[in-house]
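Work through the exercises below with the sequence and the model open. Try each task before reading its solution.

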Amino acid sequence: MASSISNKKETSAITHHQKFEGHTSWVWGAIHLPGGQRIITCSSDGSLRVWNVKSGKQIGEDWRDGDSPVDTIALSPDWKKVVSGSEDGAVRLWDIDTCKVVKKWTGHTDAVWSVYWSRDGRRVLSGSIDGTARQWEVESGETIENILASIETGHEQVLAVVYSPDTTLIATGGSDVRNEFSIKIWDAKTGKLVATLKGHTDSVMCLAWTKDGKILISGSYDYSIRTWNTTNWKQTAVLLEHTEGIFGIAISPNDRILASASFDKTARLWNLDNGQPISSPIQHAYDVLCVSFSAGGKRLATGCEDENAYIWDIAAILQEAGLDDLLLDPKAKKSILHVNATRPPIQVHPPVNRVPQGFFDGVPPSHSSAQSHPSTPPGTTFLGRLFGHCPSDAQDTSSSSPLDRVRNILKNHRQNSEGIEMRGSRPAVAEVPYAKGKRRNASAREVALAKQKQKMKPLYSKNSTAWSSFCFTRL
């Protein structure tokens with residue numbers, strides 16, 4: 001089979017198919033619009049923008065509704081509307097034809113970091129830095145109070161929300177006060193907690209559900225991507241090629257490819273048939289903030305800290321890697337990530353060799369939103385508080401990029417106890433293996449301990465060679 005581990009081959013350096021320049025701050029969202037000829041992006045500069053994929057040029061004027069930075073966007077299932085979340089706490093519904101806001105939902109008391117549509121397009125789910133998740137009725141424009149009030153998730157900050165494909169469940173992830181770094185599963189109708197998934201050792205930044213509902217995938221600041229069997233909520237695999245935190249993930253339309261965006265300045269493709277990385281990492285000059293597939297899965301959009309968005313030719317990457325079959329519909333054979341309750345979980349051992357220290361050095365300093373928007377002082381918005389200089393900072397971070405500073409805020413103490421707690425029924429016991437061998441900055445929340453990061457860098461051997469393939473071993 002073309003996608004077997006033994007036949008995996010490394011590809012040459014990957015270049016972007018198109019580049020989209022025009023935003024004046026970081027690009028947090030990039031999604032494909034109907035027809036495959038346009039993409040829409042959102043940015044900290046407060047705008048949504050539509051781009052011509054062929055020419056790379058912006059189409060029309062910026063979409064704006066105030067000046068609040070836009071942190072997240074999602075396309076409706078009927079491809080007619082876009083929902084966005086902003087730092088002013090509002091969730092906005094945009095009409096693609098008119099480029100205007102048709103509804104604005106308020107209720108969150110802090111930045112909205114994540115939005116997601118139900119499959120039928122009747123509801124929108126939002127997650128906020130205020131620690132809550134909310135559902136919104138698209139037709140009436142109201143919170144679904146008659147079904148579910150705001151969910152007080154217990155997360156200090158909700159960084160990721162997603163509906164299950166049948167809209168019966170909600171998954172939330174984020175940062176936790178007690179450093180639990182858990183994923184929580186909620187009944188979408190009652191708001192009751194169904195399960196708590198533990199295993200990540202730092203903030204959960206992103207979530208994605210396969211279309212068949214059998215696998216939930218999570219990405220974390222602990223550098224790992226983890227897969228979970230939704231029939232028993234047990235962890236089934238850990239993917240560990242990234243060398244910095246994971247900020248975004250997306251699953252291809254046929255459920256066979258996973259894309260991930262990372263602070264290590266790369267996007268990666270993963271074969272969900274066997275859990276192996278596909279090709280070389282997709283290199284960017286700056287940290288990668290988002291990924292999304294086109295409707296046919298042949299193109300990937302990425303948004304970057306360099307204020308640009310990019311399109312990558314997935315079909316060409318797969319062809320060079322000898323994995324063309326991954327664009328086809330799923331075969332009857334199950335993915336090895338679909339581990340049932342009677343089979344032992346799959347453990348992914350971290351690679352023995354790491355990226356050599358200095359591998360990503362030599363790029364110029366990143367652009368700062370403070371330079372682009374001097375009228376908006378750091379600390380007045382969530383991203384300003386997240387990326388701006390804090391008065392309490394004990395060290396001079398003036399030369400640091402904004403995303404260097406977010407690392408210091410997001411990294412928390414390592415959570416040692418692992419497992420899964422089930423609510424409302426007898427707990428299902430599952431051991432969640434810690435990703436041994438990966439370096440951790442255990443106490444970077446306090447700036448005074450930021451030097452710990454420098455002490456741990458030697459774990460990346462200067463003499464090691466870059467990137468080795470994973471070994472999947474049955475326990």
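Two strands pair if DSSP finds at least two bridges between them. The model used here is predicted.

**Exercise 1. Describe the pairing of β10 and β11, and find the turn residue with a positive phi.**

Step 1. β10 spans 112-117, and strand β11 covers residues 123-128. The two pair in the antiparallel sense over five bridges.

Step 2. Take one bridge. Tryptophan 117 has valine 124 in β11 as its bridge partner.

Step 3. Go to the turn. The hairpin of β10 and β11 has five residues between the strands, and glycine 121 takes a positive phi near 75°.

**Exercise 2. Follow β11 to its pairing with β12, then decide whether β11 is enclosed or open.**

Step 1. β11 and strand β12 (residues 132-137) are antiparallel and share five bridges. Arginine 123 has glutamate 137 in β12 as its bridge partner.

Step 2. In this hairpin three residues lie between the strands, and glycine 131 has a positive phi near 90°.

Step 3. Apply the cut-off: buried means under 20% relative accessible area. Six of the six residues of β11 are buried, so the strand is largely enclosed by the rest of the structure.

Step 4. Check both faces. Arg123, Leu125 and Gly127 are buried on one side, and Val124, Ser126 and Ser128 are buried on the other.

**Exercise 3. Trace the antiparallel pairings from β14 to β17.**

Step 1. Strand β14 (residues 157-163) pairs with β15 in the antiparallel sense over six bridges. Glutamine 157 is bridged to serine 175 in β15. Five residues separate the strands of this hairpin, where threonine 167 takes a positive phi near 65°.

Step 2. β15 also pairs with strand β16 (residues 183-187), antiparallel, over five bridges. Glycine 173 has isoleucine 183 in β16 as its bridge partner. Threonine 172 stands opposite lysine 184 in β16.

Step 3. β16 and strand β17 (residues 193-197) pair in the antiparallel sense over four bridges. The partner of tryptophan 186 is leucine 193 in β17. The hairpin has five residues between its strands, and glycine 191 in the turn has a positive phi of about 80°.

Step 4. Add burial. In β15 (residues 169-175), seven of its seven residues are buried. In β16, four of its five residues are buried.

**Exercise 4. Characterise the largest pocket and its lining.**

Step 1. The volume of the largest pocket is about 1500 Å³.

Step 2. Its lining holds 50 residues; Ile31, Ala74, Leu75, Tyr116 and Ala250 lie nearest the centre.

Step 3. Sort the lining: 34 nonpolar, 12 polar and four charged.

Step 4. Assign the strands. β2 (27-32), β6 (70-75), β10 (112-117), β14, β18 (204-209), β22 (246-251) and β26 (288-293) each supply at least two lining residues.

**Exercise 5. Place glycine 322 and classify its exposure.**

Step 1. Glycine 322 is in the loop between α1 (314-321) and β29 (346-349).

Step 2. Its relative accessibility is 27%, so glycine 322 counts as partly exposed.

Step 3. Compare sequence with space. Glycine 322 and isoleucine 278 are 44 residues apart in sequence, and their C-alpha atoms are 9.7 Å apart.

**Exercise 6. Summarise the whole chain.**

Step 1. The protein chain has five helices and 31 strands.

Step 2. Of its 475 residues, 59% are buried.

Step 3. Among contacts between residues at least 6 apart in sequence, 55% join residues at least 24 apart.

Methods
Residues numbered from 1 in each chain as written. Predicted model: local features only at pLDDT ≥ 70, side-chain atom pairs only at ≥ 80, totals over all residues. Heavy atoms only, no water. Buried < 20%, exposed > 50% of the residue type's maximum accessible area, 1.4 Å probe, protein only. 1 Å grid on protein atoms, 1.4 Å probe; cavity = no way out; pocket = protein on both sides within 12 Å on 5 of 7 lines; lining within 4 Å. Points joined across faces, edges and corners; volume = space filled by probe spheres on them. Nonpolar A, V, L, I, M, F, W, Y, C, P; charged D, E, K, R; others polar. Contact = heavy atoms within 4.5 Å.
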